[in-house]
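Q: I'd like a close look at one single part of this protein, explained for someone just starting out. Could you walk me through one residue and what lies around it?

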Amino acid sequence: MKFKHLLAKSAKDPKAPPTEATLVGHTERVLDSAEVFGDILLPDMERLLGEATSARQWCEAFRWAAWLHDLGKANDHFQRMARDRGFRQGVRHEALSLIAAQDLLLPWLTRRWVDYPPWFSAAILAAVSGHHLKFPDRKRRLGTEVCFLGSHPDMVAYLDVGVRRLGLDDPPTLEDYPFSLACFGGVETRVSSIRRSLDSEELRQRRVFVACLKAGLLCADTAGSAVPAEKLLPEWLRDRLAVTLTHKGLEDVVQQRLQGRSPRPFQAAVREASANTVLLTAGCGSGKTAAAYLWASERAREKRLFVCYPTTGTASEGFAGYLQDPDFEAVLIHSRARVDYCLLENMPDETESVGELRALQMEAVETWPIPAAVCTAHTVLGLLQNVRRGIYAWPSIMRAAFVFDEVHAYSPKLFRHLLEFLKTFPSVPVLLMTATLPGGRRKAIESVCSDRGGLAEVYGAPEREGAKRYSLHRVDDEGAWETAFRSVSRGEKVLWICNTVAGAIAVARRGVGAGLHVEPFHSRYRYRDRLTRQRRVVDGFQPCGDGMLAVTTQVAEVSLDLSADVLVSELAPIPSLIQRLGRLNRHEDVPLAPRPAFFLKPANGLPYAKKKDEPEYWEAIEAWLAQVADGASRSQRELADAFIRLPEQSVDDQAAFRFHWLDDPWLSEANRESLTEPGYTIEVVREEDQGARSLAEVAIPMPIPKGRAWETWASQGRYLIAPSGTINYDPVWGASYGRTELDPLVI
């Protein structure tokens, strides 16, 4: 089959394709992008790699990789596939790019690379083979042979690009070259052989160099492919990547929040902290977020900013609460952000840049033109596991300051990713915020920060931290109900937190049966209904109005901005209990009187502890309660100090796993290692809801059903489709498996 042009992507008319669709034209555009990325990020690469020489070598390697990345598309399988989408190629082009560069061009290239270290060529080829996060290719493909089209006239022009732009001498004359696709001795065998021959300890010692090279090439390839030809690519890219924040813009965000009040001393101390890593420990509702933006006004000036939360709900609230109308562009990034923009009443409008990227179908690179991002921590830390969103955000991550909020709420695995991030990017400014940090985590942060210039610690306002805010009591089930009924009857707001959804529903139903005004809220709702439920609870806890009982699960710990008069909670891990207490008597710095919290012991430690771990689990909780649950008036500081005084608990799980972005120069696969521990839930959409505008609006986190039948359910994207009738649903009570009708809850 003869091809008039070598294509890099499909074109309406393959015989007269636009320049940017050809192999040569696309290669030139990716080279243009690489040069812009290199110019802008050179100072950041110097800080990251520790020396100017390595940073300049990185920029040079970036240009070489950009030239070579699609060399393997000059094969008959890819060219046929670009013209016939029904054709299935027998090998991915990244593998052929690696083989062709190593076997056909290396003698020519090494004459130009003679002044570079021995690992330089291996770093380039690792990036070339890994620029699509699909290397090595694990699919079984058909075919017996693929032909590299070295004699095609376009290859002369392709090699000439290397001569003109990279200073190569006269190019070799290439011929067509067949490669076997046999299981043994074919392309796969040759790829494995090249990987083994180029792998070295020297290369692995430069894992950050290689990881950034792969991320940079993926971003440059995206820009070269997606930015329309009518736009001047270098100028378009430079204008967007060069955007940074100013001191005034960030300080104005805080001043709008403070409404003319001066920052508190601890907030000013955070702003003035000069250390590269700052740990702010302050109770709930103390003004940590305002302190974070004050810190950013100093440390993020002429940089980008990422404000990272542990959950999508806290990220959306943080975004809506602080970035309503700044004089710079800001974006909310998480898996349900588009839904939140549509459904949440207090969300700011999407920015002009977001609209432009959506029109260009380039929403994945939303951080490139927008200097401030509010996101989940997974967005940033996902970079370490080749998560696409993190990879696409890499150019912004390189030149940003970071706020990580609620770090005590991170799962063990996510916390380890945070430590690795601090270790990998020692020069980026980072503010860590927490209400109560376990001793083991504090020591781990201190250890990592020894290579970051040390850790500066700031504590919340003494008058607030020391205010007598709570009185803690042990109680049994009947005692808890007597308290709840009496409190609601006299007009108070009672927050009752259960550890499981089933427990919360049982409590809520009993409250309804007792004639109380009840608002249930847990995780097992359609997403749009969950937002409605949250708003009902928050609005119901406003100071005016009648008494109310809100029955929730752990979702109350970090996503509800409310102040209860009475708290009832099942026993849970101590940091969780302290977080729950943060929803009690919350708003005043120094309340007129403490408010009561009642703790009852559930039947088991689920979902926090397995049966075999329960003795140690309960022992720690009981030891803490023995110090604080005596009915005396207690402050946030006293609760934290009592926790710190406990004997050191077992450290977070340290089971070995790899940070694939860093640890595997010859592996480039997305999401190979999850950032979260294996869970017991799946994201489900009921078949009855499939007609919704967005599946994200109607997705429900459900426990994995018993049996194996669910494994045969259809899927749509990330969601499983539950057959009609499988899940009972009520917008107030939530979802459950089975076919029994739910009693309506009249409110």
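A: Here is a walk around Q636, followed by the sheet next in line, the cysteines and the whole chain. First, a heads-up: this is a predicted model, where local features need pLDDT of at least 70 and side-chain atom pairs count only at pLDDT 80 or more, while totals for chains, interfaces and linings use all residues. Residues are numbered from 1 along each chain as its sequence is written, and side-chain values use heavy atoms, with hydrogens and water left out.

Let's start with Q636, which sits in helix α29, residues 636-645. Helices here are DSSP runs of H or I with at least four residues, strands are runs of E with at least two, and both are numbered from the N terminus. Q636 is buried, at a relative accessible area of 9%. Buried means under 20% relative accessible area, exposed means over 50%, and partly exposed is in between, using a 1.4 Å probe and protein chains only.

Who does Q636 touch? Leaving out residues up to four places away in sequence, the list is G283, C284, R464, E465, A467, R469 and Y470; a contact here means heavy atoms within 4.5 Å. With Y470 there's also a side-chain polar contact of 3.3 Å. That term means a pair of N or O atoms within 3.5 Å; within protein, one must be able to donate a hydrogen and the other to accept it, and residues adjacent in sequence count only if both atoms are side-chain atoms.

Now for the sheet. Strand β11 covers residues 470-474 and pairs with β17 in the antiparallel sense over 2 bridges; strands pair if DSSP finds at least two bridges between them. Within that pairing, S471 stands opposite S633 in β17. Both strands belong to an open sheet of 7 strands with mixed pairing, in the order β13-β14-β12-β15-β16-β11-β17. Its edge strands, β13 (518-521) and β17 (633-634), each pair on one side only.

What about disulfides, meaning cysteine sulfur atoms within 2.5 Å of each other? The whole structure has 0 of them. The sulfur of C375 has its closest cysteine sulfur in C308, but at 3.8 Å that is too far for a bond. C375 is also buried, at 0% relative accessibility.

Finally, zoom out. The chain has 31 helices and 24 strands. Along its principal axes, the C-alpha trace spans about 90 × 60 × 50 Å. Of its 747 residues, 58% count as buried, just as Q636 does.

How values were computed: A disulfide is a pair of cysteine sulfur atoms within 2.5 Å.
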